[in-house]
Amino acid sequence: MSARAVEIRAAVLEDKGAPLRVETLLLDPPRHDEVLVRVAAAGVCHSDLHLAQGHLGDGRWPVVLGHEGAGVVEAAGESVTHVRPGDRVAFCFVPSCGECRMCVAGRPHLCEPAADRSLAGTLMDGTSRLRRPDGTPIKHFLTVSCFAERCVVPAAGAVPIGDDLPLWQAALVGCGVVTGVGAVRNAARVAEGESVCVIGCGGVGLQVVSGARLARAGRIVAVDRDPAKLALARARGATEVLEAGRDARAALRERLPGGFDHAFEVIGRADTMRLAWDVLRPAGQATIVGIAPAGVELSLRALDLLSEKTLRGSYYGSADVAAELPALVALAAAGEIDLAGVVSHVVGLDEIEEAMGRLRRGEGARTVVVMDSDLAGREPQDG
Ligand code: COD
Ligand code: ZN
Ligand code: ZN
């Protein structure tokens, strides 16, 4: 293993609201329980934009964004046993410690030290491997920071995935797929024949639709304000679609007067969270996947609680991500989860700010940023 820092090109967010700028940074070598990964490709997720817009709190910059991606291990610290150089991995952005209250309770995706370090913008030992050539420290995002040619991640953040799925597609599994399919399976536990309403069909919401189809849900009604997203939702198994407008509540009630068994909110807005609650049948469950900007409050009619409806959040698929990820990769490789179809743009690292702009304007579906086309199995496209 090289003991020296390496130069990498990486997309840096300098300050809230600033454009991402590609710079040359220094990346320190992995410590004993860390892994150096050559990034093949990364997905641009709305949470990257949330952080860049300041919705996830202040003081989180300068930072290298990127939290869903895949690559090949280049070096591993001496205590790392589960991967070796040459292994293909997808990133898991909650590198669970295995020892805290949440990990012991079987909720490793809520690992407390991992959450603390994510907020601090460091790796698990509280320090950063990223700096500018002039020595300015740069923060990590969610312990991943894969909008870069290489990254150093905690051992638990590099999950081996085998060779069956091209890495430009595997790049999407560690956030969008885990979050969406996991919300259906682990947080809502959708059963065969149940009715499902999915509000918001972006990169993550489309995976909720896939998860509902895999769970053999009955009616799957997809709601979005963008007709293009609704077409993608239909292709993934939505049985009906609804273009969101002022009267979405009434329209959904008309479709299913008794209410839905399940509703998922996958946008991150208080009004659509409330919509998910309002369209439920008695004892139904609203599963909130979207994150609203810090400070946003949600109000409900207290009387509704008499109908024993449940409102629950779901973070990162509510599961042991490292354990579930290989099976999700296998489902994608078998064509049961369509990843290629949710990708609207494949670009190089220099085009990343345009991808953030598209997300801001709600255009297109997922953008995949290719750092290494040989490893990723896909060239960036023009335009
Ligand atoms: N009514 C209907 N549809 C809407 C509305 C509205 N008022 N506003 C936006 N939409 C649609 C857009 O057209 C778009 O299709 C979709 O909502 C949002 O999709 P994207 O592609 O912009 O965003 P995603 O899918 O990448 O991510 C959205 C989340 C909110 C799910 C994401 O940011 C998030 O909160 N993830 C879950 C929390 C989490 O686990 N975070 C950690 C890493 S993601
Ligand atoms: Zn994400
Ligand atoms: Zn833990």
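The points below cover the domains, the ligand site, the barrel and two backbone details of this predicted model.

1. Domain layout. The domain assignment divides the protein chain into domain 1 (6-172 + 339-376) and domain 2 (181-315). Domain 1 is thus given as two segments, 6-172 and 339-376. The centres of domain 1 and domain 2, taken over C-alpha atoms, are 29 Å apart. To the contact, domain 1 supplies 16 residues and domain 2 supplies 12 residues.

2. Position of the ligand. Ligand 1 lies between domain 1 and domain 2, because both of them give residues to the shell around it. That shell holds 27 residues, and the closest are His46, Ser47, Asp224, Ile291 and Arg366. Among the secondary-structure elements, helix H1 (residues 46-52) gives the most to the shell, with 3 residues.

3. Character of the shell. Sorted by class, the residues around ligand 1 are 13 nonpolar, 8 polar and 6 charged. Aspartate 224, named above among the closest residues, also makes a polar contact: a polar atom of its side chain is 2.6 Å from an oxygen atom of ligand 1.

4. Other polar contacts, and cover. An N or O atom in the side chain of lysine 229 lies 3.1 Å from an oxygen atom of ligand 1. At glycine 202 the backbone takes part, with a polar backbone atom 3.5 Å from an oxygen atom of the ligand. On its own, ligand 1 has 890 Å² of accessible area, and the protein covers 93% of this.

5. The barrel. Five strands form a closed barrel in the order E1-E2-E7-E8-E4, and the pairing is mixed. As background, strands of a sheet pair through backbone hydrogen bonds, in either the parallel or the antiparallel sense. Strand E1 (residues 6-13) and strand E2 (residues 21-27) run antiparallel and are joined by 7 bridges. Within this pair, glutamate 7 has leucine 26 as its bridge partner, and isoleucine 8 is bridged to leucine 25.

6. The other pairing of E1. Strand E1 also pairs with strand E4 (residues 63-64), again in the antiparallel sense, over 2 bridges. Leucine 13 of E1 has valine 63 as its bridge partner in E4.

7. A cis peptide bond. Most residues other than glycine have a negative phi, and most peptide bonds are trans. The bond that joins tryptophan 61 and proline 62 is cis, with omega at about -5 degrees. Proline 62 sits in the loop between H1 and E4. Both flanking elements have appeared above: H1 as a contributor to the ligand shell, and E4 as a strand of the barrel.

8. A positive phi. Threonine 143 is not a glycine, yet its phi is positive, at about 60 degrees. Threonine 143 is located in the loop between strand E8 (137-140) and strand E9 (150-154). Of the strands that flank this loop, E8 is listed in the closed barrel.

Key: Residues numbered from 1 in each chain as written. Chains lettered and ligands numbered in written order. Predicted model: local features only at pLDDT ≥ 70, side-chain atom pairs only at ≥ 80, totals over all residues. Heavy atoms only, no water. Near = heavy atom within 4 Å. Polar contact = N/O pair within 3.5 Å; in protein donor to acceptor, adjacent residues only side chain to side chain. Areas by Shrake-Rupley, 256 points an atom, 1.4 Å probe, with all protein chains shown as cover. Helix = DSSP H or I, 4+ residues; strand = E, 2+ residues; numbered from the N terminus. Nonpolar A, V, L, I, M, F, W, Y, C, P; charged D, E, K, R; others polar. Domains from an automatic or database assignment. Pairing = 2+ DSSP bridges. Contact = heavy atoms within 4.5 Å.
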